[in-house]
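User: Hi! I'm new to reading protein structures, and I'd like a close look at one chain, please.

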Amino acid sequence: MKENPVFNYLRRESLPLKFCPGCGHGIILGAVARAIDELKLDMDKMVFVSGIGCAGWISSPNLNADTLHTTHGRAIPAATGVKTARPDLNVVVISGDGDLATIGGNHLIHAARRNIPMTVICANNSIYGMTGGQTSGTTPKGIKTVTDPQGNIYDGFDLAPLVKAAGAAYVARYTTFHVRELIRAVKTALKGNGFSFIEAVSQCPTHYGKSVGQQAAEMLTFFKEKSVTIKRAKEMSPDELAGKITIGEF
Amino acid sequence: MKSKREAPALKEGRYLLSGNEACAEGAITAGCRFFAGYPITPASEVMTQIVNRFPEVGGKFIQMEDEIGSMAALIGASWGGIKSMTATSGPGFSLMQENIGLAIITETPCVVVNVQRSGPSTGQATKVAQGDIIQSRWGTHGEHQSVVIAPYSVQSAFDLAVEAFNLSEMFRTPVIFLMDEAVSHTRETLVIRGGYQVYDRINNGETPPFGGKLVPDMPRFGEGKKLLITGSTHDSKGERKTSDSRAQNDLVKRLNDKIEKNREMLERYEEYRTEDADHIFVSFGISARSAREAVDRLRADGIKAGLITVISVWPFPDGIIADFSKRVKRIFVPELNLGQMRTQVERISRCDVIGINKVNSEPLYPSEIIEEFRRHK
Ligand SMILES: Cc1ncc(C[n+]2csc(CCOP(=O)(O)OP(=O)(O)O)c2C)c(N)n1
Ligand SMILES: [Mg+2]
């Protein structure tokens, strides 16, 4: 039997993955590895930078390339340092919604504005997974978390359009259900020569799933049913779009 | 390969520069080729000098969105193999603390200039103070060592900036370059004689990146080493160890030992007229300049006074000061705070230690130091 090519890009000694059963972050890791495989990129010339959170562990230590695991929210400025000092390297940030879009939100929009060539993948499970299910900057209104037991009273960020508006060259959003599209988007991002942002909507069955009463498979079904393409979304009213996930290239 | 223009550091000669500009020039001489910063008084001229000079030497500059980002960028650039620096003042230095800890635990060489100004908080932004002595030692959390170098003149700002980079490369640790507003804005003659020794990190691949000897060899990105660099506790290969008590103990102890066991090389100070002194001043930065003048005036009156100018604020030069405390009558510690360095001197001294302190955003004048000296003598 032929071995899955993904293994060529993983640090075998770090397997099995440390994620909870059903976590979407492993799907994102797989999509990144497949995209690199399809592009036949040289892993010796890639640097993966992450912040703190479960999503910060997608690349560190699992991807078999140079990895830099930083502080909470600071992956993007660290990556900016790498890319500015070493333009010859392909710099990729993979981190969470709490990390990139909440504590590190200012770095995200400024990196998009500068349009420095790098790929940023936000594994957005709409919650702080690692610390036990607190509200993040992307938790939707009404969702109950351990810090909002009555339901979040604020809106969450609509990340992809936010980063687009900040000046990113390429922005896409898919979910862990849309793996093929996700791989294609990662490939486009990795080949790009500006700031590329991919919002990879992910599931956290342990915390978010528990709160909404869904297991991993149901969360994926939910992603499938609630997703609408950008094209379709353009024809829908704001009311019709409420609770939907707009996917595609922005 | 296209040739990069090579290091036209300042040519031999005499220059009229500010402390901030001299610090930037010293960094360039040391081989600094990456700078990330965010504007703040009274440190901004370090950045503008770098901006003006970097094109000539092939350096990379980026103005970041804040000081947290500047510090993060330094770490990324340094692992790219480029010597890196930032410059800030109190509010920015406070923001940098978490990532200074990241640089310490990942053993990332870089230089962080902190030009002290009046605090706390915004305080008096354009005015001098020396209130960050303890912060520069313990600003970031957890058990750790800090290497902190304080210049006291334009010449020393240049010379010691080279040294700060050398120590940072030699020990694979961030070095804090602790200036103060007065040193940073004073214009004086800088004499460049050439022959500066520049030390680069060792990248022989003879040790794993985080172990094998007190200061392990340091690889860089893009060499196919598949580096694992993390602010989490890690073993010698860089593998994360989140609950292995031995890994935690080994890492913290080695990071401590690489500084503690090299104190001889790290403890720096300058002596002035101390040979036969009955009374010595222990000071640093701009206050040491005033103390030096005070020593001369006291000597003219027949009083045997001397001065130890502390260069390595951390590790504090315990040895020399402990020795002096056995043979002098009193040690006076002039400083622009309410006793941050004095408590260090007290910790190791056998004689009386008297603070000469000022916190009104003005420097200590020699006459004030003499007055206080005479009150206690
Ligand atoms: C400065 C700082 N504040 C708080 C924390 C605690 N903390 C660790 S992970 C995390 C949230 C991570 O959430 P996210 O980025 O969404 O990642 P996930 O675990 O959901 O994948 C927080 C708040 C920290 N490590 N550092
Ligand atoms: Mg999350």
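In chain B, what share of the contacts with a separation of 6 or more comes from residues 24 or more positions apart? And what else can you tell me about this chain?

Analyst: Happy to help! Keep in mind that this is a predicted model. In chain B, residues 24 or more positions apart make up 75% of the contacts with a separation of 6 or more.

Now to the overall form. Chain B is built with 13 helices and 15 strands. Its C-alpha trace extends over about 65 × 50 × 40 Å along the principal axes. For 377 residues, a compact globule would be expected to have a radius of gyration near 21 Å, and the 21 Å of chain B agrees with that.

Next, inside and outside. Buried residues account for 61% of the 377 in chain B. The accessible surface of the chain is about 14700 Å², and carbon and sulfur atoms contribute 47% of that area. As for charge, chain B carries 47 positive and 48 negative charges, and the mean positions of the two sets lie 3 Å apart.

You may also wonder about cysteines. A disulfide is a covalent bond between the sulfur atoms of two cysteines. Over all chains, the structure has zero disulfides. Take Cys110(B): the closest cysteine sulfur belongs to Cys32(B) and is 10 Å away, so the distance is too far for a bond. Cys110(B) also counts as buried, because its relative accessibility is 1%.

Notes
Residues are numbered from 1 along each chain as its sequence is written. Chains are lettered from A and ligands numbered from 1 in the order in which they are written. This is a predicted model: local features need pLDDT of at least 70, side-chain atom pairs count only at pLDDT 80 or more; totals for chains, interfaces and linings use all residues. Side-chain values use heavy atoms; hydrogens and water are left out. Helices (H or I, at least four residues) and strands (E, at least two) are DSSP runs, numbered from the N terminus. The radius of gyration is taken over C-alpha atoms; the globule rule is 2.2 Å times the number of residues to the power 0.38. Buried means under 20% relative accessible area, exposed over 50%, partly exposed in between (1.4 Å probe, protein chains only). Contact means heavy atoms within 4.5 Å. Accessible areas come from the Shrake-Rupley method with a 1.4 Å probe; for residues, only the protein chains shown count as cover. Lys and Arg count as positive and Asp and Glu as negative; His and the chain ends are not counted. The place of a charge is taken as NZ of Lys, CZ of Arg, CG of Asp or CD of Glu. A disulfide is a pair of cysteine sulfur atoms within 2.5 Å.
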